[in-house]
Amino acid sequence: MISQQSTAQPIEVRNLTVAFGGRVIQRELSFSVRRGSIFAVMGGSGCGKSTVLKAMVGLLRPSCGTIRVNGEDYWAASDARRAEISRRFGVLFQSGALWSSMTVAENVALPLQMFTSLTIDAIAILVQLKLSFVGLAPAAAKMPAELSGGMHKRAALARALALDPEILLFDEPSAGLDPVTSQRLDELILELSEGFGATVIVVSHELASLFGICDDGVFLDAETGTAIAHGSPRALRDTCENPTVRAFMERKALHRSLAEDRQP
Amino acid sequence: MSCNSRLPGWRLERHGEGAELRLTGDWIARDSGVRDSADVRRILDEAGGLMLRVDASELGQWDSALIAFLRMLRDSVSADQTRIVRIEVSALPKSAQRLLALASAGASQAPDIKAPHASLATRVGEVCLRAWSRTVGVAAMVGETALCGTAAFAGRTRTRAVDVVELIREAGAGALGIVAIVNGLVGAILAFVGAVQLQRFGAGIYVADLVGVAMAREMAAIGTAIVMAGRTGGAYAAHLATMQGNEEIDALNVFGIPIFDFLVLPRITALVTMTPLLYIYGCAVGFFGGAVVSIVTLDITPLRFLEELRRAVTATQFAIGFTKSIAFGALVALAGCFIGLRAGRSAADVGHAATAAVVVGIIGVIALDAVFAVCCHALGI
């Protein structure tokens with residue numbers, strides 16, 4: 001959004017520890033996200049990336065540590081205040097999570113109906129706009145069950161954009177999509193985040209999209225349960241010495257060589 | 001932010017060939033809404049010329065409201081070729097230009113949002129076809145139950161014993177409390193109502209006959225079946241409908257695991273075995289409820305009540321109630337499973353399925369009870 005914003009970082013995480021019951025998922029995490037950057041939360045499956053995202057969007061209270069949104073302590077705020085802050089977030093869930101009993105257009109319209117005093121016509125215009133951003137204007141009247149995987153994700157993206165969010169959070173945006181569709185989604189994310197001037201946080205383990213769109217990031221490790229590297233995915237690939245990070249970043253090359261070995 | 005925002009506005013300046021549209025103020029959707037098409041028409045009418053240049057030098061903050069406005073402007077220009085030839089947006093912020101380009105790319109085909117209006121004949125036809133296919137489906141399911149049930153008796157089935165045991169525990173032991181409350185109260189109410197009437201004829205002792213016959217023959221069977229329809233039938237439908245939505249049923253199909261053996265038969269088995277047992281339990285609690293009320297309101301000793309009850313309730317009465325409750329259990333389980341398996345895949349469909357299963361279960365139980373009453377009358381029992 002082009003609006004005057006405080007000088008504080010949009011998201012700043014300090015000594016964050018997240019746990020399910022007694023099981024600690026990630027401990028002592030610290031990182032900050034620059035305004036306008038596309039920040040990657042990387043790591044292998046099961047390292048707690050999505051759990052950290054849950055703490056950032058208000059779904060899971062951290063055991064300790066702070067998350068500051070534009071300088072304001074997110075979890076110390078009252079429930080009402082936290083809900084207000086959350087409205088500046090646009091979240092794209094891993095499975096899309098469209099409300100299955102509403103059409104695509106109704107899915108995008110619902111946040112506008114709930115949280116703005118716009119007229120029905122104005123909402124219709126905005127919904128049309130958001131859907132045409134993601135190329136789904138013709139599918140406005142479809143039910144989520146009638147959409148393909150890629151369309152489902154794009155519809156969910158349109159919904160995430162409904163309130164013109166300042167911070168966009170994506171949980172595995174390319175999960176379950178083919179490489180071409182996933183690259184087009186990446187391009188769309190890049191295009192929209194630059195257009196809206198939004199800060200983007202991407203949780204992913206897809207190397208192609210990490211290298212393609214992210215300019216900063218943090219690498220979470222499942223074994224040590226904390227962050228083991230900071231920096232953009234490309235910088236980590238080129239310079240990081242940590243063997244876990246190296247293995248993750250070079251997985252692609254490893255796979256290719258395996259495939260090549262099997263060729264006669 | 002919203003307190004010191006300036007209202008969005010525009011000024012049109014004409015010079016020679018074209019016109020310049022100066023955008024002013026803050027264009028934030030949630031503060032000031034979206035400009036409507038009347039604005040767009042006015043701009044086009046006033047401009048009238050060949051080219052419209054959009055100027056953003058006095059533009060404050062903006063969001064989708066601005067993009068929506070510019071898109072409307074552009075769409076109405078392309079719809080009406082007679083006036084302005086083109087709109088020049090190069091003076092806009094780069095990010096706004098990108099969003100505008102993105103919005104225009106996917107907008108060429110306008111969606112047809114209105115659902116087609118079906119005629120009365122079409123709707124009646126659709127309802128009839130749906131009812132017919134449902135009837136066929138129910139018949140198929142009953143047939144399949146019979147076939148697979150016989151196969152299961154012969155020992156050829158893929159039903160897992162552990163599923164059956166778990167379902168029996170849920171449907172049987174889990175329902176003891178509610179079955180006791182319902183039947184105990186029904187027995188007590190029968191005794192109350194009966195006592196008031198029978199006392200007038202000095203036939204107070206026949207309260208035991210009333211409670212005994214009514215509970216054993218009708219009320220315990222129906223009460224238990226209705227509890228099962230609400231408690232277990234609805235749960236079966238919701239469970240299977242959710243599995244449908246999660247593609248779990250598809251996964252079973254792909255593995256070649258027979259849905260019927262794996263999901264339906266254990267549920268039918270559970271209810272067919274548990275409903276009769278709960279019926280017997282319900283009878284006992286109902287007798288007890290009736291006895292307590294009779295002893296308190298009438299001057300009957302527990303022993304006399306019991307004697308009278310034994311004389312009144314014959315094995316035939318029990319057999320009728322017992323048979324009915326087996327049929328009710330099968331009906332409730334079949335309705336729950338069938339409706340659950342035929343449900344759609346959305347969250348709302350799960351709710352519809354649960355509702356339908358309970359409604360069909362209760363109506364079915366009452367209707368089946370009527371059939372039993374007619375049959376018993378014809379047979380003279």
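1. Start with chain B. In this predicted model, the centres of its domain 1 and domain 2 lie 69 Å apart, taken over C-alpha atoms. The domain assignment puts domain 1 of chain B at residues 9–105. Domain 2 of chain B covers 146–379.

2. Chain A is also split in two. Its domain 1 is built from two segments, 1–88 and 165–231. Domain 2 of chain A spans 99–164. Here 23 Å separate the domain centres, again over C-alpha atoms. Each domain of chain A gives 12 residues to the contact between them. On the domain 1 side, α6(A) gives the most, with five residues. That side has nine nonpolar, two polar and one charged residues.

3. Next, the sheet of chain A. Six strands form an open sheet in the order β6-β7-β8-β3-β9-β10, with mixed pairing. Its edge strands are β6 (89–92) and β10 (226–230) of chain A. Each of these pairs on one side only. On average, neighbouring strands in the sheet are turned by 20 degrees against each other, direction ignored.

4. Look inside that sheet. Strand β3 (residues 38–42) of chain A runs parallel to strand β8 (residues 199–203) of chain A. Four bridges join the two. A:A40 sits opposite A:V202 in β8(A). Helix α1 (residues 49–56) of chain A packs on the sheet. This helix touches β3, β7 (167–171), β8 and β9 (216–221) of chain A. The direction of α1 makes about 150 degrees with that of β7(A).

5. A:I213 is worth a check. Is A:I213 buried or exposed? A:I213 is buried, because 22 other C-beta atoms lie within 10 Å, and 20 or more is the cut-off for that class. The residue belongs to helix α7 (residues 207–213) of chain A. Leaving aside neighbours within four places in sequence, A:I213 is in contact with A:I38, A:D186, A:I189 and A:L190. A:T116 makes a useful reference point: 97 residues from A:I213 in sequence, and 32 Å away in space, C-alpha to C-alpha.

6. Now the cores. In soluble globular proteins, nonpolar side chains tend to be buried together. The largest nonpolar core in this model has 105 residues. Within that core, A:L126 and A:L131 have the most contacts. Another core, of 70 residues, lies apart from it. Among the residues of this other core are B:V227, B:Y279, B:C337 and B:A356.

7. What does A:L131 touch, not counting residues up to four places away in sequence? Its partners are A:V104, A:A105, A:V108, A:L136, A:A137, A:A140 and A:A158.

8. The chain interface comes next. Chain A puts 27 residues in contact with 29 residues of chain B. On the chain A side, the elements that give two or more residues are α4 (120–133) and α6 (179–196). The largest share comes from α4(A), with seven residues. By class, the chain A side has 14 nonpolar, nine polar and four charged residues.

9. Back to chain B, and strand β3 (residues 51–55). One face of this strand is covered, with B:L52 and B:V54. The uncovered face holds B:M51, B:R53 and B:D55. Strand β2 (residues 18–27) of chain B pairs with β3(B) in the parallel sense, over five bridges. Strand β5 (residues 86–88) of chain B also pairs with β3(B) in the parallel sense, over three bridges. B:L52 has a partner in both strands: B:A19 stands opposite B:L52, and B:I87 is its bridge partner in β5(B).

10. Last, B:A91. Where does B:A91 lie? The residue is in the loop between β5 and α4 (94–105) of chain B. B:A91 is partly exposed, because 16 other C-beta atoms lie within 10 Å. Not counting residues up to four places away in sequence, B:A91 touches B:R53, B:V54, B:D55 and B:A56. B:R53, B:V54 and B:D55 also appear in the face listing of β3(B). From B:A91 to B:I67 the separation is 24 residues in sequence and 14 Å in space, C-alpha to C-alpha.

Definitions and conventions:
Residues numbered from 1 in each chain as written. Chains lettered and ligands numbered in written order. Predicted model: local features only at pLDDT ≥ 70, side-chain atom pairs only at ≥ 80, totals over all residues. Domains from an automatic or database assignment. Core = buried A, V, L, I, M, F, W, Y, C linked by C-beta atoms within 7 Å. Buried ≥ 20, exposed ≤ 12 C-beta atoms within 10 Å, placed from the backbone. Contact = placed C-beta atoms within 7 Å. Pairing = 2+ DSSP bridges. Axes fitted to C-alpha atoms, helices over the stretch in contact; angles between N-to-C directions. Nonpolar A, V, L, I, M, F, W, Y, C, P; charged D, E, K, R; others polar.
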